[in-house]
Amino acid sequence: MNKVTHIEEAIAAIPSGAVVMVGGFGSPGTPFSLINELLRQGQKHLTLIKNDANEAGIGISKLIEAGRVDRLITTHIGLNKTAIEWMNTQRLEVEFHPQGMLAEKIRTAGAGSFGFLTDIGLGCEITREDQLLDWEGERYKVEMALKADFALIHAARSDRLGNLVYEGSAMNFSPLMAMAADQVIVETPECCEPGEIAPNQIHTPCAFVNSLVLLPLLTQEYAVMEHHVRH
Amino acid sequence: MSDIEIILKRAVHEVHPGSILNLGIGLPTQLLDYLPDDLDVMIHSENGVLGAWKQAPREEMSASLIDAAGAYISTVKGCSFFDSAVSFAMIRRSKIDLTMIGAFEVDQEGNLANWKIPGKFSPGIGGAMELAQKTPRIVVLSTHCDKHGKPKILTKCRLPVTAYHCVSRIITDKAVLDVTPDGLLVTEMAAGMTPESLQAITEAPLIFAADTLDLTEEVKLS
């Protein structure tokens with residue numbers, strides 16, 4: 001079993017109109033190389049699901065700025081003025097969720113279930129009347145599971161079977177998305193032989209991974225961003 | 001001392017050893033700089049860190065490790081990393097003892113509005129709604145008035161509400177106010193403020209503690 005695939009071939013599986021989950025909270029965990037290849041190949045009318053919109057000029061913001069994204073399902077895009085501008089001028093449809101609700105909707109889909117009940121956002125403007133459910137004297141909000149056609153994931157390390165390890169805060173939505181998408185494409189700078197990662201160190205088991213793209217080097221996009229360093 | 005410094009130096013007194021806290025993006029995250037280095041707390045960052053600490057030294061910064069505000073952080077001993085579902089399970093199960101959070105508006109019932117100014121500013125909800133709704137103690141850190149000099153402490157929030165009846169205490173550059181069943185109780189005031197001058201810049205009616213402390217003196221103690 002070997003899931004190592006060339007980046008062009010892996011990304012070519014994504015058609016225009018696809019629903020694509022993208023891992024990452026800010027830069028950590030963002031699969032910059034897979035996103036750049038998706039930009040290069042030119043797929044259009046994408047629906048993206050990501051915690052945020054990265055920052056202007058990098059990550060999924062490149063896809064948004066190139067007009068490839070019809071819809072973004074997210075939690076917060078405050079660090080990306082360009083994305084806010086695209087939203088405010090109706091060139092990008094944005095659907096906001098409380099962050100933990102987005103995570104839980106994805107986790108629920110990944111667990112093979114269809115929805116869950118919560119009290120988050122009851123009485124707030126994000127909750128619609130048709131989402132309310134009264135059950136045994138309590139009022140709940142129904143949240144439906146959220147799945148996708150593809151997930152693009154960055155792992156710090158993998159074996160060639162696709163057993164994944166994440167690093168630091170780069171884990172965030174990635175293990176959840178890897179379970180909730182039909183096809184999971186992973187990029188990693190470090191690929192080893194099966195057995196080299198201890199079984200109890202694996203964050204995402206290989207059953208959830210379809211293809212694995214090896215990164216020969218990590219480009220500048222993966223480095224510490226100087227404008228976030230305070231002096 | 002700037003208004004921000006007054007707020008942050010006073011806010012340090014809210015942090016109790018042995019507790020787990022979350023610092024909202026903006027003013028609250030700046031509190032990190034004011035915390036003593038040997039403080040026994042666990043800081044939760046909703047991007048999947050329990051045990052976040054101040055900015056890491058340059059040579060130890062990792063591009064894979066930030067807090068929710070984007071700072072390249074260091075970690076304390078006993079720190080753990082986890083996914084976003086676990087991170088928010090921690091919040092919704094009320095395992096975070098204290099959240100310090102910013103506000104556009106806060107009212108006398110402890111309702112908080114901090115995520116959307118319709119037509120002007122709507123970058124999204126982020127973790128604010130779940131933190132506000134589920135943390136047992138919410139302390140709002142905010143300037144007393146907005147940049148146009150208008151009151152932010154209102155009788156009733158006018159902006160879309162983030163969470164209802166969630167705020168315990170409000171710390172501003174002018175006063176410390178507790179949300180009580182009877183209304184907003186002023187326990188500390190900055191030097192030079194009088195009950196009349198504070199009420200004049202606050203929309204909600206205020207109640208004053210019999211022994212209102214000097215906020216500025218409290219700040220000097222830190």
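**Figure 1. A salt bridge here means a side-chain nitrogen of Lys or Arg within 4 Å of a carboxyl oxygen of Asp or Glu, and B:E14 and B:R10 make one.** Keep in mind for this and every other view that the model is predicted. In the B:E14–B:R10 pair, the closest N and O atoms sit 3.1 Å apart. Buried means under 20% relative accessible area, so B:E14, at 6%, counts as buried. B:R10 is buried too, with a relative accessible area of 4%.

**Figure 2. B:R10 also reaches B:E188.** This second salt bridge of B:R10 has its closest N and O atoms 2.8 Å apart. The pair ties together distant parts of the chain: B:R10 belongs to helix α1 (residues 3–11) of chain B, while B:E188 belongs to strand β12 (residues 183–189) of chain B, and the two are 178 residues apart. With a relative accessible area of 5%, B:E188 is buried.

**Figure 3. Zooming out, a network of salt bridges comes into view in chain B.** B:R10, B:E14 and B:E188 from the views above are part of it, and they are linked up with B:R137, B:R169 and B:D178. Over all chains, a search of the whole structure turns up 29 salt bridges.

**Figure 4. Over in chain A, A:D130 and A:R128 pair up through their side chains in a salt bridge.** The N to O distance here is 3.0 Å. What about A:D130, buried or exposed? Exposed means over 50% relative accessible area, so A:D130, at 60%, is exposed.

**Figure 5. A nonpolar patch sits on the surface of chain A.** Its members are A:L117, A:L133 and A:W135, and together they show about 290 Å² of accessible area. A:L133 is found in strand β6 (residues 132–135) of chain A. Its relative accessibility is 30%, so A:L133 counts as partly exposed.

**Figure 6. The largest cavity takes up about 100 Å³.** The structure holds 2 cavities of 30 Å³ or more. Of the 14 residues lining the largest cavity, B:L23, B:T29, B:I43, B:S45 and B:D67 lie nearest its centre. Which strands of chain B each supply at least two residues of this lining? They are β1 (20–23), β2 (42–45) and β3 (49–55). The largest share, 3 residues, comes from β2(B). Sorted by class, the lining has 8 nonpolar, 4 polar and 2 charged residues.

**Figure 7. The second largest cavity holds about 30 Å³ of space.** Residues from chain B line it, among them B:A103, B:V106, B:V140, B:I153 and B:I170. The lining also includes B:S142, B:T143, B:H144 and B:T172, along with B:K152. Split by class, this lining comes out as 5 nonpolar, 4 polar and 1 charged.

**Figure 8. The largest pocket has a volume of about 1100 Å³.** It is lined by 48 residues, and the ones closest to its centre are A:H76, B:G24, B:I25, B:G26 and B:P123. That puts residues of both chain A and chain B among those closest to the centre. How many of the lining residues are nonpolar, polar and charged? The counts are 24 nonpolar, 20 polar and 4 charged.

**Figure 9. The second largest pocket measures in at a computed volume of about 530 Å³.** Among its 16 lining residues, B:F104, B:I117, B:D146, B:H148 and B:L159 lie nearest the centre. By class, the lining of this pocket divides into 7 nonpolar, 2 polar and 7 charged residues.

**Figure 10. B:S84 and B:G48 come together in space across a stretch of chain B.** The two are 36 residues apart along the chain, yet their C-alpha atoms are separated by 5.8 Å. B:S84 has its place in helix α2 (residues 84–92) of chain B. Its relative accessible area is just 1%, so B:S84 is buried.

Note on methods:
Residues are numbered from 1 along each chain as its sequence is written. Chains are lettered from A and ligands numbered from 1 in the order in which they are written. This is a predicted model: local features need pLDDT of at least 70, side-chain atom pairs count only at pLDDT 80 or more; totals for chains, interfaces and linings use all residues. Side-chain values use heavy atoms; hydrogens and water are left out. Patches are made of residues with over 30% relative accessible area and no salt bridge: like charges are joined within 9 Å, nonpolar side chains (Val, Leu, Ile, Met, Phe, Trp, Tyr) within 5 Å. Accessible areas come from the Shrake-Rupley method with a 1.4 Å probe; for residues, only the protein chains shown count as cover. Helices (H or I, at least four residues) and strands (E, at least two) are DSSP runs, numbered from the N terminus. Buried means under 20% relative accessible area, exposed over 50%, partly exposed in between (1.4 Å probe, protein chains only). On a 1 Å grid over the protein atoms alone, a cavity is a set of points where a 1.4 Å probe fits but cannot get out, and a pocket is an open set with protein on both sides within 12 Å along at least five of seven lines; lining residues have an atom within 4 Å of a point. Grid points are joined across faces, edges and corners, and a volume is the space filled by probe spheres set on the points. Ala, Val, Leu, Ile, Met, Phe, Trp, Tyr, Cys and Pro count as nonpolar, Asp, Glu, Lys and Arg as charged, and the others, Gly among them, as polar.
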